[in-house]
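Student: Please take a close look at one part of this model, namely the way its strands are paired. I would like a single connected account that also places that part within the rest of the chain.

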Amino acid sequence: MTAKAIIPDDLKSYYDDWHMSPGLVCNGFVFFTGFTGTRADGSLSSDPEMQIRDAFDKVQSVLEAGGMGFGHLIEMTSYHVGLRDHLDIFKSVRDSFVVEPYPAWTAIEVAGFVREGAIVEIRVIARAP
């Protein structure tokens, strides 16, 4: 198996500190680490819309570093604390990023994340160009 990591500069700590690839290209697919809305400086917005947008921005960073865009997504899984509380906000923010043909999507309610206060984590799979 040949795999190649995609490591945007703004997500280098994922690789160095957590020993995980933000994106990993393997057999024509790109597998993404799950991203919360934690910012590069460690802050986390208390506004659900901003947290969700910040998580999508990380996905976008990996896509761009790999020469892709949101049109390359084939599957999305989102994990939510309080799914029903912010599902409409999530859908609205998601619609400002994803494009047709829309990726398959599963939303899952969870009890929490490593970072206290995080409400969403997004994990995607893309088709490499």
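Tutor: The chain holds three helices and six strands, where helices (H or I, at least four residues) and strands (E, at least two) are DSSP runs numbered from the N terminus. Read from the N terminus, these elements follow the order β-α-β-β-α-β-α-β-β. The model is predicted, so that local features are given only at pLDDT of at least 70 and side-chain atom pairs at 80 or more, while totals for chains, interfaces and linings use all residues. Residues are numbered from 1 along each chain as its sequence is written, and side-chain values use heavy atoms, without hydrogens and water.

A good place to begin is strand E4, which covers residues 73–80. E4 pairs with strand E6, residues 120–127, in the antiparallel sense and over seven bridges; for two strands to count as paired, DSSP must find at least two bridges between them. E4 is also joined by six bridges to strand E5, residues 104–109, and here the two strands run parallel. E4 therefore has an antiparallel partner in E6 and a parallel partner in E5, given that pairing asks for at least two bridges.

Thr77 shows this arrangement at the level of a single residue. The bridge partner of Thr77 in E6 is Arg123, whereas in E5 Thr77 stands opposite Thr106. The pairing with E6 can be followed at another position as well, where His80 stands opposite Val120 of that strand.

E6 is in turn joined to strand E3 (29–32), and these two strands run antiparallel over three bridges. In this pairing Phe29 stands opposite Arg127 of E6. E6 thus takes part in antiparallel pairing with E4 and with E3.

The parallel pair can next be set beside the helix that belongs with it. E4, helix H3 (residues 83–95) and E5 make a β-α-β unit that is right-handed, in the sense that, with the strands pointing away from the viewer, the path from the first strand over the helix to the second runs clockwise. On the way from H3 to E5 the chain passes through a loop, and Pro101 has its place in that loop. The peptide bond that joins Glu100 to Pro101 is cis, with an omega of about -5°.

Two further loops deserve a look for their backbone angles. Asn27 is found in the loop between E2 and E3, and although Asn27 is not a glycine, its phi is positive, at about 50°. With a relative accessible area of 63%, Asn27 is exposed, a class that begins over 50%, with buried residues under 20% and partly exposed ones in between (1.4 Å probe, protein chains only). His19, placed in the loop between H1 and strand E2 (23–26), likewise has a positive phi, near 55°, in a residue other than glycine. His19 counts as exposed because its relative accessibility is 67%.

For the chain as a whole, the C-alpha trace spans about 40 × 35 × 20 Å along its principal axes, and buried residues make up 40% of the 129 residues. To return to the part you asked about, E6 is bridged to E3 and to E4, and E4 is bridged to E5.
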